[in-house]
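Me: I would like to go through a structure with you, beginning with its aromatic residues. Could you take my questions in turn?
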Amino acid sequence: MAAATTAPLMAQRTGRRRLRVPHALQGVLAVLAVLALLELVTAIGFLPQRHFPLVSDDFRALVEQLGDGGFWTQVGQTLEGWAIGFGLASVIGIALGIVIGSSEALHSATRVIVEFLRPIPSVALIPLAVLIYGTGLQSKVFLATFAATWPVLVQAIYGVRDVDPVAMDTARAFGFGRLARMRSVALPSSVPYVVTGLRIASATALILVVTAELVIGAPGLGQAINVARSGGDFELMYALIIATGLLGWGLNTVFVTIERRLLRWHPSQRLAEAGR
């Protein structure tokens, strides 16, 4: 009787497992559903096609851009500003975060300064950037560096300070000096925080680079979007916007992959893998 009752239950569970959609595919299906909905509402005239071309036309324009050397030059200009700004923010944020987080006195002394400067919108500094650096690469780098430094800095401070006191006491009991405890205990413990800060900083730097290109006319994808808008070429404008979104998605995917590889020992990554 028990075996007869168990069989249908096992069949139901097996059926449920077969119907389960993979996590990665769920995101793809959601994006395709949104794009199909946009195509539909534009095709039936709910949105004016003059300002909202069909999604299929936008992607056709994007495919055409892939064969244009000027498009790849613009992508390279945007990535150049992102790479320099993100690199500077990473070095500044990690170095300052470790120094500030490892000293209680320094952390208390700088807390007000960090909390005052961090909420300042980076776009509010665009006039200052133009005044000092003009409308070229340096302005993009300045804005991206300022915006992307804060996630890395704050996460590094939290990471260094959120060290298991038992581990620190154990290292101290074994005769580890201050630098040795920092290198062997504090820094490895702060890696999950720092990696998360770097992933956030990457997206922030790209946003500020494209914003600078849109607002001040620095060369790159943002400038090309603005030129297409001014010329009334809305298909090209949306195609470049999609390209910018794909660029951000690609960078985020790279950092997520690196994070999984570096932190496969961390409980959060184990739970994420189990959820899949």
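Reply: The answers below cover aromatic pairs and then one helix. This is a predicted model, in which local features need pLDDT of at least 70, side-chain atom pairs count only at pLDDT 80 or more, and totals for chains, interfaces and linings use all residues. Residues are numbered from 1 along each chain as its sequence is written, and side-chain values use heavy atoms, with hydrogens and water left out.

Me: How many aromatic pairs does a search of the whole structure find?
Reply: The search finds six. Rings of Phe, Tyr and Trp (its six-membered ring) pair if their centres lie within 6.5 Å; planes under 30 degrees apart count as stacked, over 60 as edge-to-face and the rest as tilted. One of the pairs is Phe71 with Trp72, which is edge-to-face at 5.1 Å centre to centre, with 75° between the planes.

Me: Trp82 and Phe86: what is the geometry of that pair?
Reply: Trp82 and Phe86 are stacked, 5.4 Å centre to centre and 5° between the planes. They are four residues apart in helix α4 (residues 69-101), so about one helical turn separates them. Helices are DSSP runs (H or I, at least four residues), numbered from the N terminus.

Me: Which residues form one aromatic cluster with Trp82?
Reply: Phe86 and Phe255 form that cluster with Trp82.

Me: Changing topic, which residues of α10 are buried?
Reply: In helix α10 (residues 221-230), Leu221, Gly222, Ala224, Ile225 and Ala228 are buried. Buried means under 20% relative accessible area, exposed over 50%, and partly exposed in between (1.4 Å probe, protein chains only).

Me: And which exposed residues are on the face turned away from the buried side?
Reply: That face of α10 carries Val227 and Ser230.

Technical notes. Helix = DSSP H or I, 4+ residues; strand = E, 2+ residues; numbered from the N terminus.
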